[in-house]
Amino acid sequence: MTGFRRGARLGVDVGRARVGVARSDPDGLLATPVETVPRDDASVARVVELAAEYSAVEILVGLPLNLRGEDTASTVDAREFASAVAGRTGTPVRLVDERLSTVSAHAALRQSGRSQKSSRGIVDQVAAVILLQNALDVEKRTGSAPGTPVHPDEEPD
């Protein structure tokens with residue numbers, strides 16, 4: 001665990017309808033689901049509130065690249081969301097590759113016996129858990145912070 005920066009982190013899976021949020025313990029041992037936030041004008045503020053509530057030292061926002069590593073419409077949306085969060089908090093925000101986290105979340109929920117319809121309200125939280133756990137594992141393995149830092153370009157609306 002050389003180089004691991006101690007402190008709780010928030011993982012955020014940005015979707016068009018919902019935003020899944022997960023958190024880690026300060027030692028980065030386990031990511032757990034927190035909340036599914038409706039995607040509306042208050043969703044950025046809610047993520048910032050959750051970061052403060054859990055004393056997060058960092059907010060990790062999933063970056064949904066396509067399988068070739070290229071941007072999509074969802075990638076642009078996640079970047080804008082991350083920038084808005086960064087503009088409203090003093091907590092560092094980083095973008096982390098989250099390819100297939102939602103697919104993995106659906107698969108895990110199916111394996112646990114849940115239908116896709118009954119999973120709709122929690123799949124975003126599970127995807128946030130997966131992206132956060134992957135980011136924690138990368139930092140522990142490499143000793144470097146995962147992803148890329150987000151610097152707000154402009155004041156939020």
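1. Helices and strands here are DSSP runs, numbered from the N terminus. With that in hand, read the chain in order. From the N terminus on, the elements run β-β-β-α-β-α-β-α-α-α-β. The count is five helices and six strands.

2. This is a predicted model, so check the confidence before the details. The protein chain has an average pLDDT of 84. A score of at least 70 is reached by 80% of the residues. Confidence peaks in α1, at a mean of 97. The low point is helix α4, residues 116-119, at a mean of 52. Where pLDDT is low, the predicted coordinates should not be read in detail.

3. Now the sheet. Six strands form an open sheet in the order β3-β2-β1-β4-β5-β6. The pairing is mixed. Strands of a sheet pair through backbone hydrogen bonds, either parallel or antiparallel. At the edges sit β3 (31-38) and β6 (148-149), and each of these pairs on one side only.

4. Look at one pair closely. β1 (residues 9-14) and β4 (residues 58-63) run in the parallel sense, joined over four bridges. To find the register, start at Val-12: the bridge partner of Val-12 in β4 is Val-61.

5. Which strands does helix α1 touch? Helix α1, residues 43-53, packs on the sheet and touches β1, β2 (18-24), β3 and β4. The direction of α1 makes about 150° with that of β3.

6. Helix α1 also packs against α2. Two packed helices are described by the angle between their axes and the distance between the axes. For α1 and α2 the angle is about 55° and the axes are 9 Å apart. That angle makes α1 oblique to α2. The crossing is right-handed. On the α1 side, the residues that meet α2 are Ser-43, Val-44, Val-47 and Val-48. They meet Phe-81, Ala-84 and Val-85 in α2.

7. Is Thr-75 buried or exposed? Thr-75 lies in helix α2, which spans residues 73-87. Its relative accessible area is 0%, and buried means under 20%, so Thr-75 is buried. Leaving aside neighbours within four places in sequence, Thr-75 is in contact with Leu-63, Pro-64, Leu-65 and Glu-70.

8. Finally, the whole chain. It has 157 residues, and 46% of them are buried. Take the contacts with a separation of 6 or more: 68% of them join residues 24 or more positions apart.

Key
Residues are numbered from 1 along each chain as its sequence is written. This is a predicted model: local features need pLDDT of at least 70, side-chain atom pairs count only at pLDDT 80 or more; totals for chains, interfaces and linings use all residues. Side-chain values use heavy atoms; hydrogens and water are left out. Two strands pair if DSSP finds at least two bridges between them. Helices (H or I, at least four residues) and strands (E, at least two) are DSSP runs, numbered from the N terminus. Contact means heavy atoms within 4.5 Å. Axes are lines fitted to C-alpha atoms, for helices over the stretch in contact, and angles run from 0 to 180 degrees between N-to-C directions. pLDDT is the predictor's confidence in each residue, from 0 to 100. Buried means under 20% relative accessible area, exposed over 50%, partly exposed in between (1.4 Å probe, protein chains only). Angles under 35 degrees count as roughly parallel, over 145 as roughly antiparallel, 65 to 115 as roughly perpendicular and the rest as oblique. A crossing is left-handed if the near helix is turned anticlockwise from the far one by less than a right angle, and right-handed if clockwise.
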